[in-house]
2 protein chains.
Amino acid sequence: MALIVQKYGGTSVGTPERIEHVAEKVIKTKEAGNDVVVVVSAMSGETNRLIDLAKAIHPRPPARELDMLLSTGEQVTISLLTMALEKRGHAARCYTGAQVKILTDSAHSKARIQEIDAKVVSEDLKVGRIVVVAGFQGVDSTGAITTLGRGGSDTTAVALAAALKADECQIYTDVDGVYTTDPRVVSKARRLERITFEEMLEMASLGSKILQIRSVEFAGKYHVPLRVLSTFEEGPGTLITFEDENMEEPLISGIAFNRDEAKLTVLGAPDRPGIAGAILGPISEANIEVDMIVQNVSQSGATDFTFTVHRNEYERALDILQGSAKDMEAKEVYGDPKIVKLSLVGVGMRSHAGVASRMFKTLADEGINIQMISTSEIKISVVIDEKYLELGVRALHTAFGLDEDGTQLRDEGKDAG
Amino acid sequence: MALIVQKYGGTSVGTPERIEHVAEKVIKTKEAGNDVVVVVSAMSGETNRLIDLAKAIHPRPPARELDMLLSTGEQVTISLLTMALEKRGHAARCYTGAQVKILTDSAHSKARIQEIDAKVVSEDLKVGRIVVVAGFQGVDSTGAITTLGRGGSDTTAVALAAALKADECQIYTDVDGVYTTDPRVVSKARRLERITFEEMLEMASLGSKILQIRSVEFAGKYHVPLRVLSTFEEGPGTLITFEDENMEEPLISGIAFNRDEAKLTVLGAPDRPGIAGAILGPISEANIEVDMIVQNVSQSGATDFTFTVHRNEYERALDILQGSAKDMEAKEVYGDPKIVKLSLVGVGMRSHAGVASRMFKTLADEGINIQMISTSEIKISVVIDEKYLELGVRALHTAFGLDEDGTQLRDEGKDAG
């Protein structure tokens, strides 16, 4: 008998009918001989309804009271799901975050879980009950209700799975797994049977919005096997797992991309120590997050410095940069909001240097110019003109054998790089 | 500096605009130099919305989960009201029933308050904060959320006032006080400046739905001065107070009536011990509540037995009675659902016997036949044909000097009875 923690998001519990459907799925898992703990989000639309109510009263609702307000969303869902389970003759109990003692810090609206007691959950499981827990919420040491921020229900599920030493944490969503890339862009995109935590982290942070990044980190840290599945279709989903030395790793697991970036460049800044800080300092003081950073030093002793920010922050960042460029006597500042970032992700590339050159050659063959390059151990990212996004992703998807009907390339020293 | 507990019902907080209006009233009380604790209900319509959701899933929603669900209603209101107070620059904190430790028994949907800790409230008041508390809800000893039943927010307010030793508990509603009778029936009905707890209890139990009866009992038991006021109009409302020996008591404080009753009579039952039990036993076994009971013994050794039930239960009670009348060989059973109960209430009548005879004479003068009579220390009730309700109430209202322009009769031995 295994202990399974399941998480259903807002769309999965968006109507009474869908809640009944979730009850059926939960019971199926229970009747297969498992203990089941279910974590649910607010019904889709509910959180926005509550925020609208708050904004009708306060233009910038205080975080403490907003948490008190928003936490009612999941409380409604847990009650309804438990009723649906009981109607079907199954003993069930439901709990708010405070009741299962999901202890967080006091950072309202973005609290972090510090500890979970979960004794009450274990006791219910022991007597055969299904346990339903409100996602997204916790309680701080003073007893105030906190929330973990949007998508925090994933984190609740993983943290509960860790605390209960569950055998698997299943995240039900509206897609049936993690894909090699976005199927809306590449029709031949393929569902992955498994992906490593490191790869999933890179994919998540690069804009694959299936799982909240904190929940993946949490699962990796506490060694919780995580599975992404569809609420609406049957299927095994994608298992997010720990790297196995003996596992035959595909060279590349997936291609992620991000359309939300914009590029800013300072040309001909004096090449002296502290110049990067002088450029980025005012940006970070304005609370603008910087993603990629590339610096080249020219022969002439001047330096070209390029970085990317979220596209929403582009205008503001450009303003700031023009001010600071003047101070440091840089030659020129320019920007381009019409770029995209495109990344190959795979633990397989860790032991193989040929990936980068094959990537660059594939893009060059399509006439796509690379504007920036950045690499990590299991990822290579490039910035290209946004109009080449689809072309680039499709070409790489085929070149690295990710197509549904393609032969998957593995890190067996066979690739030409 | 006084400590005031204010309670605002669902209509008073039914929209964001109304919540802002309540915030203004609270701040006015605070700025007059008082400490203020506010108890609020769910926004009007919200409880029904939640019940509909539950019923979409479960035809008879289990009470434990229904309490979990319904308690979100007040949680929304406390958040919004606190935001409105903070927007106006006032420090405020809000708490659920569980957070202020309103400890109840575990009778879900109709829990009774056993104890209130309220330490957290006192500490907030000490540092000058306004405290907002969710009405209607509590927590049992296992940590499960309970509700006190409809109208329970009044009870929360009174219980908090008692626990905090508040100087006054103000119940804001959509009427501006307690009236001598229903102003929709008697246009000359007058708002009472004050009424005693005993009178209020009789008025409440007789169908004046201003205050929940349990909250009045609670206030009487713990000596909490209670005031009923309007959220929407300015005015002193009605103070519900303790009987003062020196107070000049009006003979009659008010006239209550109840249109929901139906009458059942067993004619010619054998007059032997246990006959009342034989008649009422099957009725109470069927969970039908009995209100008035009158029994007359005739010379012939047979007895006539009459009682009233809620009009909704009339058909069912008649069926049961016809069965049991046969068993006990009673002559006849008949019933009448078209009756009303009409009651004079006043602590003044305690020391005066003349009230009854004046009441009966007034009704006789209008040609109204009295079908049943029942009396308590501070109340006389009669059952009459429902078509005479308005006529009877108006005649008595004038006869006992309750009209707005009338001279109020006091218990000074002057009345003719």
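**Two chains, one axis: a walk through the model**

Let me start at a helix contact between the chains. On the chain A side, A:Pro16, A:Ile19 and A:Glu20 of H1(A) meet three residues of H2(B), namely B:Leu53, B:Ala56 and B:Ile57. By class, the residues of this contact are 5 nonpolar and 1 charged, with no polar ones. Bear in mind throughout that this is a predicted model.

Now the geometry of that pair. H1 covers residues 16-31 of chain A, and H2 covers residues 46-57 of chain B. Their axes lie 9 Å apart, and the packing angle is about 45°. An angle of 65 to 115 would count as roughly perpendicular, and one under 35 as roughly parallel. So H1(A) is oblique to H2(B). What is the hand of the crossing of H1(A) and H2(B)? Right-handed.

Step back to the whole interface. Chain B puts 27 residues into the contact, and chain A puts in 27 residues as well. Which helices of chain B each supply at least two residues of the side that touches chain A? H1, H2 and H3 of chain B do, with H1 spanning 16-31 and H3 spanning 63-87. H3(B) gives the largest share of that side, 14 residues. Sorted by class, the chain B side holds 16 nonpolar, 7 polar and 4 charged residues.

Next, symmetry. In general, two copies of a chain are related by a rotation about an axis and a shift along it. Here, chain B superposes on chain A after a rotation of 180°, with a shift of 0.0 Å along the axis. The RMSD is 0.2 Å. The copies are therefore related as by a two-fold rotation axis. Both copies use the same surface, as 100% of the contact residues of chain B recur in chain A. Where is the axis with respect to chain B? Look at B:Thr72, which comes closest of the residues of chain B, with its C-alpha at 2.6 Å from the rotation axis.

Let's move within chain B, to a sheet. It is an open sheet of 4 strands, ordered S13-S18-S20-S19, and the pairing is antiparallel. Which strands are at the edges? They are S13, residues 254-258, and S19, residues 372-376, each pairing on one side only. On average, neighbouring strands of the sheet are turned by 20° against each other, direction ignored.

Look at the S19 edge. S19(B) and S20(B), the latter residues 379-385, run antiparallel and are joined by 5 bridges. One residue pair to find on screen: B:Met372 has B:Val383 in S20(B) as its bridge partner.

A helix covers part of this sheet. H10(B), residues 354-365, lies across S18, S19 and S20 of chain B. The angle between H10(B) and S20(B) is about 15°.

Last stop, a helix pair inside chain B. H8(B) is residues 275-285, and H9(B) is residues 314-327. Their axes come within 9 Å and cross at roughly 140°. Only angles over 145 count as roughly antiparallel. That is why H8(B) is called oblique to H9(B). H8(B) passes H9(B) in a right-handed crossing. From H8(B), the contact uses B:Ala278, B:Ile279, B:Pro282 and B:Ile283. From H9(B), it uses B:Ala317, B:Ile320 and B:Ser324. That makes 6 nonpolar residues, 1 polar and no charged.

How values were computed:
Residues numbered from 1 in each chain as written. Chains lettered and ligands numbered in written order. Predicted model: local features only at pLDDT ≥ 70, side-chain atom pairs only at ≥ 80, totals over all residues. Axes fitted to C-alpha atoms, helices over the stretch in contact; angles between N-to-C directions. Left-handed = near helix turned anticlockwise from the far one by under 90°. Contact = placed C-beta atoms within 7 Å. Nonpolar A, V, L, I, M, F, W, Y, C, P; charged D, E, K, R; others polar. Least-squares fit on C-alpha atoms with pLDDT ≥ 70 in both. Pairing = 2+ DSSP bridges.
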